[in-house]
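This report covers the salt bridges and one strand arrangement of the structure shown below. Burial of the charged partners is taken up alongside the pairs themselves.

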Amino acid sequence: MRSYFIAHIRWVNSQLTSTMKHSLASLLLLQACLHALIQCTVPASEFQLEGEYVLAGLFNIHHDSSAVAQNRPESIDCSSKPLILSSYRRFQLMRFSIEEINNSTNLLPNVSLGYDIFDHCSDTQNFPDIFKLLSVDGMIQPWGEPHNNVSKVMAVVGAYTSTQTLTVAPLFMMDLIPMVSYGAASSVFSTKLNFPSFLRTVHPNKDAIEVIVHILQHFNWRWVAFLNIDDNYGNDGRDLFIKRIKDTDICLAYTKSLNQYTDHYQIFRQIEAQRIGAIIVFAPEWTAEALIDSAIKLNVTKKVWIAGDAWSLNKNLPKKKGIQNIGTVIGVSEPKVTIPGFREFIASSKKQTYCKNAEQNLFCNQVCNYSSLSAEDVLTADPSFNVPVYSAVYAIAHALHKTLQCESGRCNGNITVYPHMVLAELKKSNFTLLNQSVTFDENGDPNYGSYSIVFWNQSGDAVEIGFYNFHPRYFFINNTIQWHTKEKVPSSLCSQECRVGFAKKQDEIHKCCFNCVICKKDTYVNKTEDPYTCIKCKETEWSAPGSTSCNLRVVEYVAFTDIGAILIMVGVGVLVGLTFAMSVLFAVNYNTPVVRSAGGQMCFLILGCHSLCSLSVFFYFGKPTTSFCILRFLLFFLFYTVCLACFVVRSFQIVYIFKIAAKFPKLHSLWMKYHGQWLVITVAFVIQALLLLVGYTFGPPKAYNVLEYPDKIILSCDINFKAFYGPVALLLFLCTLCFIFSYMGKDLPKNYNEAKAITFCLLLLILTWVIFATVKLLYHGKYIQILNALAVLFSLYSFLLWYFLPKCHIILFQPYKNTQEYFQGLILNYNKNN
């Protein structure tokens, strides 16, 4: 037998991790089992039942918390350890399930199921039990050799904890013996490459963590502590929790692994120092009990405790004195389901005395020492994982039913059943149990079920307040919780939530700790998408400081139907009418002294350019476009240059005739010979045209949105002033020359007072644009376009009214002044006086 053990374990040793290798190597010696056989000599008929096919059961009815390193392999007497009443209840539930199946005429008819159950109380010192299950007639078949005998053990129900399961599972995986766990929730068992014959009827850790996260989000608890048992179950839960909250508002403020040596005082001191209000305890009931006991003794108060499914239905803690002071306990649990017939089975079982007359086919940790327990003790114990035990037994039974081809009330007894055949049917499970369809996914995890959300009330009962359904996914919590803060839901935040319109500015390494900064104007914060950033509004939008959204700006421009635009266009119409009338009047009286002194042919050019300039006013109204902006400035710059050039020439001619011609007669002859006045006007026009061409090439005017007002967009034309330095400079140069020449002729004869009129018109022109420039610096609204058009119109009217209109008045109402004699008389008087 010793050689068989060694051969079999060598293969196991090669499949395990380095840590497991070390622990298994120390347990290979046969004397451990022999010592256990000698030590355990008490009858245990509750643990065994003969049957054609045997199901093994691993239940930690007692709990060994010691972790003492052994120099040599030793077995353990579980009955000497503290009793776990909830596990004993689960143990009885397996017995009940098999008895119920044996009494059924539909499931496995004429086939008797037996069981071989062990008190699996230790993570590392229960190997003799496992070897007993793997043996055939006391011998273990070496792996790789033909099977001469077949063990009656078709499948294993258990083990309970992830660490226990991880320790023994590889031994069953070798021969593909199905192992259906009712409590091992670690994620590692979902890897079928390492655990090909492992299935479970308990939801994996990721499902419990999912429900816990939903609870945290429902009550807005973002600053939490996570306390877990320091084993595969607890560490896996912690890792899954950290991964799950990565993209949420939840922060893990503190985490600690728990064992029997943990200093609870230091843990609670850290939690108080960080002002953590919600504590998740992801641990089995014995670890949770020690933690909560310490919390009561250390006077830890006003906390929210979130219990994992391993202790949320604990029966001892809610009755503890002082438990109400620690705060509010909310838990995640398997739904409470009443299993028909189980109460009667326990009542009947407790009346029997198995231990007195049992046969002596005994093995380690199948000890019956529970005579002091009453039926009520068992029935009122923590019901956690009862349904998973029940489902595990029935899943195996249904798989065996399929394997034996049971039909029409009989099973095929000629089929030699191997565990791997049962495993194949287990994976395809699809049956109804307790109104629940039982199926498994590709990883062997339950593809059905739900979680209950419970609350420990003042009476010490776990009351269901909600649930989380997995297929389809649905989460619900009602409002019947009696909080330790009375009516108000307790908070657990590092920083209080920012007010509306404030963005979070992260203050520490945790995103939950922040300062609140108000978003400035034209920015907003969207707490749903990104509560940490003030987002800039689009150009077409605006917002006030502290906004949560942007508003569309009102688009404004001067429409043609605006009253101001209509009045100015009427003014343009009047101007064009006046220029036309004056042109007709001047044409009729062309040879009169007044017309000749006003400029003769040049008058028609000036009046024509005035009319063309006035057309630019129309392009200040309506929605600005690039073409509108170009024509707005092109017409005015080009034709107003001609007007100014005409007045420069006219003022120069008047001054020259009266003050310079006598001194420079040759210059006068050249001016007359080469038509100096037209040459100057043409050159000015050509230079301005070239300057505008260059300016439009490098920086053409274009439509532009004025954004200086918070709630509106003013449509205007953008002028590149650098590109228009030349045209503006030329206009200023012509104005300066015109002013110099006209000012020199201020004392000319009364009928030759064109110089005075030109000077006055220039002063009005300058005053108009100075006023406009001042207003433009102070005001940028849509009506600046009307003021600009008005300035253009005033520029045209100044010459029309103060230069041409007096001439028209003389022609029409003072004809005696429009004679040659009158003009010659004025000239003679001027010459006498000068």
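Lys-504 has a relative accessibility of 7% and is therefore buried, since the cut-off for a buried residue is under 20% relative accessible area. The model is a predicted one. Lys-504 pairs with Glu-497 in a salt bridge, in which the closest N and O atoms lie 3.6 Å apart. Glu-497, with a relative accessible area of 33%, is partly exposed.

A second pair involves Arg-553 and Asp-522, whose side chains form a salt bridge with an N to O distance of 3.8 Å. Arg-553 is found in the loop between strand 22 (551–552) and strand 23, and Asp-522 in the loop between strand 18 (514–518) and strand 19 (523–526), so this salt bridge ties together parts 31 residues apart in sequence. Arg-553 is buried at a relative accessible area of 9%. Asp-522 is buried as well, with a value of 19%, which falls under the 20% cut-off. Elsewhere, salt bridges with shared partners link Arg-222, Glu-497 and Lys-504 into one network.

Lys-428 and Glu-425 make a further salt bridge through their side chains, at 3.7 Å from N to O. Lys-428 is exposed, with 58% relative accessibility, whereas Glu-425 is partly exposed at 22%. In total, the structure contains 16 salt bridges. The table lists three of these pairs, with the N to O distance of each.

| Lys or Arg partner | Asp or Glu partner | N to O distance |
|---|---|---|
| Lys-428 | Glu-425 | 3.7 Å |
| Lys-504 | Glu-497 | 3.6 Å |
| Arg-553 | Asp-522 | 3.8 Å |

The loop that holds Arg-553 leads to strand 23, which belongs to an open sheet. This sheet has 3 strands in the order 23-25-24, and its pairing is mixed. Strand 23 (554–556) and strand 24 (702–706) are the edge strands; each has a single partner strand, so one side of each lacks a neighbour in the sheet. From one strand to the next, the twist averages 30 degrees.

How do strand 23 and strand 25 run relative to each other, parallel or antiparallel? Strand 23 and strand 25 (residues 712–718) run parallel and are joined by 3 bridges. Within this pairing, Val-554 is placed opposite Lys-712 of strand 25. In general, the strands of a sheet pair through backbone hydrogen bonds.

Terms used:
Residues numbered from 1 in each chain as written. Predicted model: local features only at pLDDT ≥ 70, side-chain atom pairs only at ≥ 80, totals over all residues. Heavy atoms only, no water. Pairing = 2+ DSSP bridges. Helix = DSSP H or I, 4+ residues; strand = E, 2+ residues; numbered from the N terminus. Axes fitted to C-alpha atoms, helices over the stretch in contact; angles between N-to-C directions. Salt bridge = Lys/Arg side-chain N within 4 Å of Asp/Glu carboxyl O. Buried < 20%, exposed > 50% of the residue type's maximum accessible area, 1.4 Å probe, protein only.
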